[in-house]
Amino acid sequence: GQSPPRKEGRAKVLGRALYIDDITLPDMWFGATVRSTIPRGRISSIAFDPAIPWHEFTIVSAADIPGENTIVHLTKDHPCLAVTHVNHAEEPILLLAHPNRSILPAAVAAVHITYEELPAIYTIEDSEKKEHIIWGEGEHANTFKTYLMQKNQTSIPDEIWQQADFIVEGEYRTGAQEQLYIENNGVIAEYSATDGITVRGSMQCPFYLVHALELVFNLPAEKCRVIQAETGGAFGGKEDFPSVIGSHAALLAMKSGHPVKLCYDRAEDMAATTKRHPSRTRHRTAVSKEGKLLAGEIDFAIDGGAYATLSPVVLSRGTIHAPGPYNWPYLTVRAKAMATNIPPHGAFRGFGAPQSIFALERHMDKIAKVVGITPEELRRRNFLATGDRTATGQILTDPVDMQHMLTRALEDSNYHARRAEFDRTNPTSTIKRGIGFATFFHGAGFTGSGERRLNSIVAIELTPEGRPQILVSSTEFGQGTNTILCQIAAETLHLPYDHILIAQPDTTLVPNSGPTVASRTAMIVGKLVERAAQSLCATLVAGGHLPQDYSPEDFHRAARHHLAQHGALRSEARYESPANVFWDDETYSGEAYPAYAWAVYVAEVAVDTTTYSATVTNFHTLQEVGNVIHPILAAGQIEGGVAQGIGYALYEKCLWRNGHLANNQMTNYIIPTTADIPPIHVTFEQVPSPHGPGGAKGIGELPMDGPAPAILNAIEHATGISFTEIPLLPEDIFERMTRIPDAGSESLEPAIAGPIFSEATA
Amino acid sequence: MIAIRFTINGHAETIEAPPMKRLLDVLREDLHLTGTKEGCGEGECGACAVLIDGDLVNSCLIPILQAESTEIITIEGLAIDEKLHPIQQCFLEQGGAQCGICTPGMILATHHLLEKNPQPTLLQIQEGLNGNLCRCTGYMRIFNAVLQAAVAEAAK
């Protein structure tokens, strides 16, 4: 592919791109949110401090909601504003608006709310005990969703466990992670009795917000207009949350009669908005002495926080990715999303897969150690290959060659020589170096029948000047949506890239091309753009205005001619589910994703035994994402994802105190800086895919999956210690390295520990 | 309220403001220069970076009082007559800007770095930009942009 400059790049480098907080509307007021200060309880009183001139303010409570008091995602458990009870700290209770932004913080502090506190729970384990039921009842008590995924819908026969040479057990944990887009969540809402609501804002999925507004305001969709403003990073953090802040701002606009800007500051955004779900994964694996996986039992649990939000679908992606790119004769995954009194967790790049892949790729290194073969050899003996069936029973018809991928990645990273070198130098050095890798896949597009349900539409129209303009609800937030969709249209229409326009997503003007999530934009929406462009071209050719073999000038002449004759030209393409694609939500079997990206990531680390800090010193990525549309943007996606993965593994810790995020600021929630990032090498294995435009597949989430396990595998090589939990901070390494040697998994030797390898029996 | 005089992107300016009002807010609210962004409000992220008398500062930490009689340059002051500054051109070509919200601060930090050290090594670039956080790029393309800008500046 070619790498033209990004469409909106000039405005961005000039500082002229307008993000939501850069926009001011006439007579605009500002909003603020009054939130719960306790994690769980009954609201007993609300008092307004008389020192504040409240008559100048607009105050909104749940009683002002014209429709349903709910923020709808998948279920209606999540109130727009709390009424009698609160279920997490920072839960919105009241909304304030005032013409002067600077006096709002004092006003928020002057609303005094008292509570009758109820016991709160903060961990998956507390939620499982069900001593305190904070959500649901009966079998759903504290449980948002469960899945049972069994290969061939068959349970694992007892003989497998009895006859296995080894049974390897392990438990792995991952923490919450803040998306930390540099632009906080923010919107501006307007209301008019005749036209309804208009919300502009920083967001990924304009039609999600339309749907949320329809319910809160009891208005038809055509009276709920949503416009995406330039968006300063999202990573999933602006998938579901804009439904909350957008509804709030619209309520204030309706009651105040003014446009209302509601933009969080960093502390509020970090304390109150969604994070990546914390997880716990338990593996029990039957293995032969030849290193063949015989059967696996995986218990996968995520902490969803106080309301369901997107937890069921996050859990789904995590479940389907839990078996990794391996061939399991028998496999059972039991998955559950549990409720706690933490602010609701939500979408974050990878969407459940980084959690279950971390567990599996750490566990694979443990199995290799137990069996007595290298991590490389274990994976080679179990990789899925073309024609194999995945754990959901999907036959891999597209070519897959993980053997070659692994060979190439280990060569590119000089893995074997580096490993030998570190083994030689570590004994005499206070800096312990290590190298490790992870092999993984990531499904592109919505899970299962999701794309069929979304039923996405894309349009291309001619502007009055005869230029093709793409109309989609797919949003640009840094990943390059605008640029690659224009490239695809340009390529299809045989026009220069600069001739193609793309409209800012405005739900009254663009069709619903689906949410901008799930690594679906390049592959699914891109394919629709390709088809819409083909149909536009066919119309011009059929009208006799355009020769088969045409120049850009011919095209523009034909376009103007068509417009003069017919007034307008607009062509649409709607998603068509490929033939013989089958997915069964009941048995969790079938075609889980239209296509998969495949990857091998290799990390080198240095662990300083004086400071106990671990740093990543070199990072190699090899991935197969089909054909690459835009090499610079694609490499940028990988590098950015790897940096977030390094943060996930080594730096980013959400510290919860009584259900409050204690480190809700950049000062003590640490993301990688320029000084923390190693050279990140990006290589693409280009295999054209039949599913996407020009042979492309999805890419965005993939790089989030591999870094954390590769880094911890490298740290095990460096230190001989098998860490099983992220984030892994210097204090964690200190605690473990200074502990008197005991029976961690790293001390397991087959002859000593017997055939079952778990921390409990070691 | 007090009157503060300073030069902004080459123009003399006098504004009336409370002395402790943040320079960031004066730029964005009083002067409508919204290219300077707020990311954290506590001097950690560098999205609000501007140049004051040639020094790189986080404008969220500067009370406007301190701007008296200074020369301030913001992202709006870098391009001349619609022609991108070479640093802006390199960020655009190299993919140094993704979502773009850190970009103004990152470009001014690069400007400051290259003024002090026209031919920085990779390590010096990493040190020079480590007060500016980016969540999108993983910084690789930003380093490439700075290296290319150093070459372009040297060729000037």
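## Helix packing, chain contact and core in a predicted model

Modeller: In this predicted model, α3(B) passes α5(B) in a right-handed crossing.

Biologist: At what angle do α3(B) and α5(B) pack, and is that oblique or roughly parallel?

Modeller: Two packed helices are described by the angle between their axes and the distance between the axes. For α3(B) and α5(B), the axes lie 11 Å apart and the angle is about 45 degrees. Angles under 35 degrees would count as roughly parallel. This angle therefore makes α3(B) oblique to α5(B).

Biologist: Which class supplies six residues of the contact of α3(B) with α5(B)?

Modeller: From α3(B), the contact takes M106(B), T110(B) and L114(B). From α5(B) come I142(B), V146(B), A149(B), A150(B) and E153(B). One of these residues is polar, one is charged, and the six others are nonpolar.

Biologist: How is helix α2 of chain B placed against α5 of chain B, oblique or roughly antiparallel?

Modeller: The axes of α2 (residues 86-94) and α5 (residues 140-155) of chain B come within 8 Å and cross at roughly 140 degrees. Roughly antiparallel would require an angle over 145 degrees. The crossing therefore makes α2(B) oblique to α5(B).

Biologist: What is the handedness of that crossing, and how many charged residues does the contact of α2(B) with α5(B) have?

Modeller: As α2(B) passes α5(B), the crossing is right-handed. The contact involves P86(B), I87(B), C90(B), F91(B) and Q94(B) of α2(B), while the residues of α5(B) include R141(B) and E153(B). Sorted by class, the contact has seven nonpolar residues, three polar and, finally, two charged.

Biologist: Which element gives the largest share of the side of chain B that touches chain A?

Modeller: In this pairing, 39 residues of chain B are in contact with 38 residues of chain A. On the side of chain B, the elements that give two or more residues are α2, α3 (103-116), α4 (122-128) and α5. The largest share is four residues, and these come from α2(B).

Biologist: What is the makeup by class of the side of chain B that touches chain A?

Modeller: Seven residues on that side are charged and 13 are polar. The remaining class is nonpolar, with 19 residues.

Biologist: Which strand gives the most to the largest nonpolar core?

Modeller: In soluble globular proteins, nonpolar side chains tend to be buried together. The largest nonpolar core here has 283 residues, and A189(A) is among those with the most contacts inside it. Leaving out residues up to four places away in sequence, A189(A) touches residues including I197(A), V199(A) and L252(A). The strand that gives the most to this core, with twelve residues, is β23 (residues 595-608) of chain A.

Definitions and conventions:
Residues numbered from 1 in each chain as written. Chains lettered and ligands numbered in written order. Predicted model: local features only at pLDDT ≥ 70, side-chain atom pairs only at ≥ 80, totals over all residues. Axes fitted to C-alpha atoms, helices over the stretch in contact; angles between N-to-C directions. Parallel < 35°, antiparallel > 145°, perpendicular 65-115°, else oblique. Left-handed = near helix turned anticlockwise from the far one by under 90°. Contact = placed C-beta atoms within 7 Å. Nonpolar A, V, L, I, M, F, W, Y, C, P; charged D, E, K, R; others polar. Core = buried A, V, L, I, M, F, W, Y, C linked by C-beta atoms within 7 Å. Buried ≥ 20, exposed ≤ 12 C-beta atoms within 10 Å, placed from the backbone.
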